[in-house]
Structure formats: structure tokens, C-alpha cells
Amino acid sequence: MSSKEGPGGFRKRKHDNFPHGPRREGKDDEGSSSPVLVSFKLFQQELDTRHDKYERLVKLSRDITVESKRTIFLLHRITSAPDAEEILTESESKLEAVRQKMKQVAQELLGEDLHQFHRAITPGLQEYVEAVSFQHFIKTRSLISVEEINRQLVFAIEDPGEEERSLPPATQSGPPGPCSLQVTPVDYLLGVADLTGELMRLCISSVGNGDMDTPFEVSRFLRQVYDGFSFIGNTGPYEVSKKLYVLKQSLGKVENACYALKVRGSEIPKHMLADVFAAKADPIDREEGIA
């Protein structure tokens with residue numbers, strides 16, 4: 001019998017002499033208590049919490065964008081509505097509902113660095129700036145400042161316990177007290193650049209309803225905005241310089257409308273003016289993907 005064979009003539013395997021069970025359990029115990037694995041588990045929890053918060057902010061930003069767009073659509077009805085004050089009052093209530101969504105964003109960002117989550121909320125901030133500045137122009141024929149917008153985004157939490165019940169568990173550990181959400185200068189500029197397109201549409205619809213003063217007021221306002229953006233030029237963010245081209249197109253449409261009103265206003269019936277201007281604006285709108 002060979003020395004490598006055990007009793008009964010069976011050949012021994014090389015790994016039969018190793019006690020596998022106890023040694024594996026020991027390795028598992030040592031691995032679970034390893035400082036490296038413990039650190040990575042903490043990193044995993046931190047990243048999961050941050051990703052969850054990012055997704056919640058993306059959802060809130062979408063809700064803010066949708067409600068702001070609805071407010072803009074409502075404000076466009078002011079040219080044909082019999083009671084403009086009723087439209088403005090309803091738009092203010094809609095904007096207040098948007099601010100409640102932004103209050104949730106502010107609570108999510110308590111104790112966080114805004115710039116780490118800025119990409120998630122910037123579409124909503126830009127659309128809100130566009131809506132609130134559009135309403136402000138209709139009321140005052142002027143441009144709202146970024147400081148005034150930020151003053152409207154300071155929220156007081158009267159009862160922290162009640163507020164926190166409606167928030168996800170990850171945000172319920174924030175300190176009680178007032179919170180705020182600040183619109184960055186870039187978000188403000190991008191929102192104002194988008195405002196020019198809405199003012200161009202307001203100009204066209206105003207002409208169709210026999211309002212001959214609004215187009216000239218819009219033209220003067222847009223020229224001032226364009227001059228301000230021209231000072232920035234190519235020194236600002238890429239998105240701002242990109243929207244400067246669209247701003248220039250909107251200004252050109254409004255100036256063409258004002259020119260036609262001055263030169264051919266007496267030749268074209270008032271009920272046909274809006275159709276004439278809309279036909280001129282359609283080709284450019286199709287290039288921009290608006291129509």
C-alpha cells in the first residue's frame with residue numbers, strides 16, 4: 001500500500017488535512033471587523049444618503065418647473081382677460097405654492113453645500129425666476145432684482161415638528177429655525193434671458209387685442225436688457241452667452257412689430273395685426289423649436 005493511501009486503500013486528498021470550517025468562520029469574523037471594511041460601509045451609507053437627497057431635489061425641481069410654467073401660461077391670458085387683477089391674484093397664489101416647494105428644497109439643503117446639489121435644482125430656479133420676473137414686469141413694467149427674489153425665499157418654520165413630519169426621514173434632523181434658498185447670479189441671468197421670449201409673445205398677443213402701447217414698452221425694456229447682457233459678452237458662463245443669441249432674436253421680432261405699427265399701423269386692420277406679426281415670427285420660432 002502506498003504511503004499516500006489511507007486505511008481501506010483510499011488516496012488522501014491534499015486538502016483533507018486542513019480544518020476548513022473553523023478557519024473560514026474566523027476569516028469572516030476578522031473581515032467584518034476590519035477597519036477598512038467598516039470605513040467603506042460608512043462611505044456607502046453617506047453616498048446613499050447623498051444620492052437619495054439628490055433625487056428628491058431633482059423631483060422637487062421638476063415640480064417647481066411645472067408650476068412655474070403654468071403660472072406663465074396663466075399670465076399670458078392677461079391680454080384678453082376682462083379683469084387683469086383677478087389674473088394677477090391667481091398668479092400670486094400659484095407662485096406662493098411654488099415657494100412652498102422651494103421651502104422644501106431649502107430644508108433639504110440645511111447644513112449642505114448648495115453647489116454640490118446646484119445641478120439638481122437649477123432648472124427649477126431658472127423657471128421660477130422667469131415666472132416671477134414676468135409677473136413683476138406686468139405689474140410695474142420693470143425688472144425685478146435678484147435681491148428682491150431672494151428676500152421672497154426666506155422661510156420661517158413656526159412649528160418644526162409639524163414641518164418635519166412631511167419631509168423624508170433623512171431631512172428630519174435639521175436644526176429648527178428659519179431657512180432660505182438663494183438664487184445664484186447665473187440662475188438669475190438665465191431666467192431673465194428666458195423672460196425675453198415670453199415678453200415677445202406678450203407683445204404679439206397685445207397687438208391682437210388692440211393694445212398699441214405694450215409693444216413699445218416691451219421694446220424699450222428688451223433693449224435695456226440686451227444692453228446689459230452685451231456688457232457680459234463672452235466673459236460670463238457659456239449658458240448666458242448662448243442665450244444672448246435668442247434674446248437678440250426676440251428683440252428683433254419686437255422691434256419689427258413696433259416698426260410695422262408705426263409705419264403700416266393705419267393700413268392694416270387691428271384684428272389682422274396679430275396674424276401678420278405671428279406669421280413673421282413663425283419661421284424663427286420653428287428654428288428655436290418653440291412652434
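At what angle do the axes of helix α3 and helix α4 cross, and within how many Å do they come? In this predicted model, the two axes cross at roughly 155 degrees and come within 11 Å. Helix α3 covers residues 84-108, and helix α4 covers residues 118-140. An angle over 145 degrees counts as roughly antiparallel, so α3 is roughly antiparallel to α4. The crossing of α3 past α4 is left-handed.

**The α3 and α4 contact**

From α3, the contact takes in L88, S91, E92, L95, V98, R99, M102 and V105. From α4 come I121, L125, Y128, A131, V132, Q135, I138 and K139. Sorted by class, these residues are eleven nonpolar, two polar and three charged.

**The α7 and α8 contact**

A second helix pair is α7 with helix α8, the latter spanning residues 214-232. Helix α7 runs over residues 185-208. The axes of α7 and α8 come within 10 Å and cross at roughly 160 degrees. With that angle, α7 is roughly antiparallel to α8. The crossing of α7 and α8 is left-handed. On the α7 side, the contact is made by L189, V192, A193, L195, T196, L199, L202, C203, S206 and V207. The α8 side supplies T214, P215, V218, F221, L222, V225, F229 and I232. The contact of α7 with α8 holds 15 nonpolar and three polar residues, with no charged ones.

The table sets out both pairs.

| Helix pair | Axes come within | Crossing angle |
|---|---|---|
| α3 and α4 | within 11 Å | roughly 155 degrees |
| α7 and α8 | within 10 Å | roughly 160 degrees |

**The annotated binding site**

Which residues does UniProt mark with the feature "binding site"? The unreviewed entry places this feature at E130 and E198. The pair spans 69 residues in sequence, yet their C-alpha atoms are no more than 8.7 Å apart, so they gather at one spot.

E130 lies in helix α4. E198 lies in helix α7. Are they buried or exposed? E130 has a relative accessibility of 4% and counts as buried. E198 has a relative accessible area of 14% and is buried as well. The cut-off for buried is under 20%.

What surrounds E130, leaving aside neighbours within four places in sequence? E130 is in contact with I72, G191, D194, L195 and E198. With the same neighbours left out, E198 is in contact with I72, H76, E130 and F134. I72 is thus in contact with E130 and with E198. L195 is in contact with E130, and L195 of α7 also takes part in the contact with α8.

**A backbone outlier: R141**

Most residues other than glycine have a negative phi. R141 has a phi near 60 degrees, a positive value in a residue that is not glycine. R141 sits in the loop between α4 and α5, where α5 covers 146-151. With a relative accessible area of 34%, R141 is partly exposed.

**The chain as a whole**

The chain has ten helices and two strands. From the N terminus on, its elements run α-α-α-α-α-β-α-β-α-α-α-α. How much of the chain is buried? Of the 291 residues, 37% are buried. Among contacts with a separation of 6 or more, 76% come from residues 24 or more positions apart. One such contact joins E130 and E198, which span 69 residues in sequence.

Notes: Residues are numbered from 1 along each chain as its sequence is written. This is a predicted model: local features need pLDDT of at least 70, side-chain atom pairs count only at pLDDT 80 or more; totals for chains, interfaces and linings use all residues. Side-chain values use heavy atoms; hydrogens and water are left out. Axes are lines fitted to C-alpha atoms, for helices over the stretch in contact, and angles run from 0 to 180 degrees between N-to-C directions. Helices (H or I, at least four residues) and strands (E, at least two) are DSSP runs, numbered from the N terminus. Angles under 35 degrees count as roughly parallel, over 145 as roughly antiparallel, 65 to 115 as roughly perpendicular and the rest as oblique. A crossing is left-handed if the near helix is turned anticlockwise from the far one by less than a right angle, and right-handed if clockwise. Contact means heavy atoms within 4.5 Å. Ala, Val, Leu, Ile, Met, Phe, Trp, Tyr, Cys and Pro count as nonpolar, Asp, Glu, Lys and Arg as charged, and the others, Gly among them, as polar. UniProt positions are given in the numbering used here, feature names are shortened, and annotations may be inferred rather than shown by experiment. Buried means under 20% relative accessible area, exposed over 50%, partly exposed in between (1.4 Å probe, protein chains only).
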